[in-house]
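Hi,

Here is the structure I promised to pass along. Have a look at it first, and my notes come right after.

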Amino acid sequence: MIEILNASKTYHQGEQEVCALRDVSFTIEKGEFLSIMGPSGSGKSTLLNLIGGLDQPSRGEIFIDGSPLHGITDDDLTLIRRRKVGFIFQFFNLLPILTAVENVSLPLLLDGVPFSRIREKAVHLLESVGLGSRIEHRPEQLSGGEMQRVAIARALVTDPAVLLADEPTGNLDSHRSEEILRLLKQLNRSGPTIIMVTHDSGAASFGTRIIKLRDGSLSEDIAIGGSPA
Ligand SMILES: Nc1ncnc2c1ncn2[C@@H]1O[C@H](COP(=O)(O)OP(=O)(O)OP(=O)(O)O)[C@@H](O)[C@H]1O
Ligand SMILES: [Mg+2]
């Protein structure tokens with residue numbers, strides 16, 4: 001479903017070149033829950049951003065569902081990103097002035113769909129992540145774990161084929177982290193392929209496969225047997 005072929009990413013900063021990703025190749029099948037681990041600066045976020053079409057590789061090729069993410073216009077990249085990919089982040093990135101249901105609706109509102117047609121779906125998604133009683137709350141009125149649930153519902157509102165998560169539990173205590181990981185696992189069983197960056201080997205073991213990066217290169221690729229329920 002996702003093919004990464006000899007992808008490299010070099011950042012230029014004035015005279016300096018930073019090689020964030022070096023010649024990385026692997027394939028992700030539909031329905032996988034892939035954890036990406038590696039030291040700080042090893043290229044995890046860079047790889048996730050390439051898969052999500054937030055950025056393009058300097059060299060190499062990336063395909064989602066057969067569509068190339070390299071060598072296309074920014075407009076085409078934006079369309080693929082909107083239709084196929086959902087993102088969740090460590091710091092939730094919710095808009096503070098919007099309620100939970102408005103935050104969840106936002107990606108479709110930006111696509112021009114009227115709120116009256118989205119609201120029911122947004123409410124249903126909030127119920128499915130256990131927030132049926134928090135629909136009109138604003139982020140400041142929610143706990144960290146609840147904010148991440150709103151962010152997960154928002155990521156799902158476009159029915160993405162892939163959910164990308166960069167340290168989704170990095171800002172949560174161990175109890176809330178486990179709740180979020182269980183939720184992701186449950187969503188993955190019936191829904192999107194999940195790719196999650198994490199520093200935490202306990203969190204990584206919720207996946208079906210772990211890849212490790214070191215200095216921008218793929219250093220390990222491990223399939224997990226009986227992963228946590
Ligand atoms: N926009 C950028 N411009 C220049 N260099 C960058 C840019 N983004 C990342 N880098 C560099 O690329 C390398 C990989 O960065 P990346 O953010 O992918 O690491 P990471 O594995 O996600 O680290 P962390 O665990 O700290 O989040 C780092 O050396 C970083 O400094
Ligand atoms: Mg990172």
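Below is what I found, starting with the ligand site and then moving to the sheet. Keep in mind that this is a predicted model.

Around ligand 1 sit Y11, Q13, V18, A20, G38, S40, G41, S42, G43, K44, S45 and T46. By residue class, that shell has 8 polar, 3 nonpolar and 1 charged. Which elements supply at least two residues of the shell? They are β1 (2–13), β2 (16–28) and α1 (44–51). The largest share comes from α1, with 3 residues.

Now the sheet. It is an open one made of 6 strands, and if you trace it across, the order reads β6-β7-β8-β3-β9-β10, with mixed pairing. Why do β6 and β10 each have one side without a neighbour in the sheet? Strands β6 (85–89) and β10 (217–223) stand at the edges and each has a single partner strand, so nothing in the sheet flanks the other side. Going from one strand to the next, the twist averages 15°.

A helix goes with this sheet too: α5 (residues 144–156) packs on it and touches β6 and β7. The direction of α5 makes about 165° with that of β6.

If you want one strand pair to look at, try β7 (residues 162–166) and β8 (residues 193–197), which run parallel and are joined by 5 bridges. To find your place there, start from V162, whose bridge partner in β8 is T193.

Cheers

Terms used: Residues numbered from 1 in each chain as written. Chains lettered and ligands numbered in written order. Predicted model: local features only at pLDDT ≥ 70, side-chain atom pairs only at ≥ 80, totals over all residues. Near = placed C-beta within 6 Å. Helix = DSSP H or I, 4+ residues; strand = E, 2+ residues; numbered from the N terminus. Nonpolar A, V, L, I, M, F, W, Y, C, P; charged D, E, K, R; others polar. Pairing = 2+ DSSP bridges. Axes fitted to C-alpha atoms, helices over the stretch in contact; angles between N-to-C directions. Contact = placed C-beta atoms within 7 Å.
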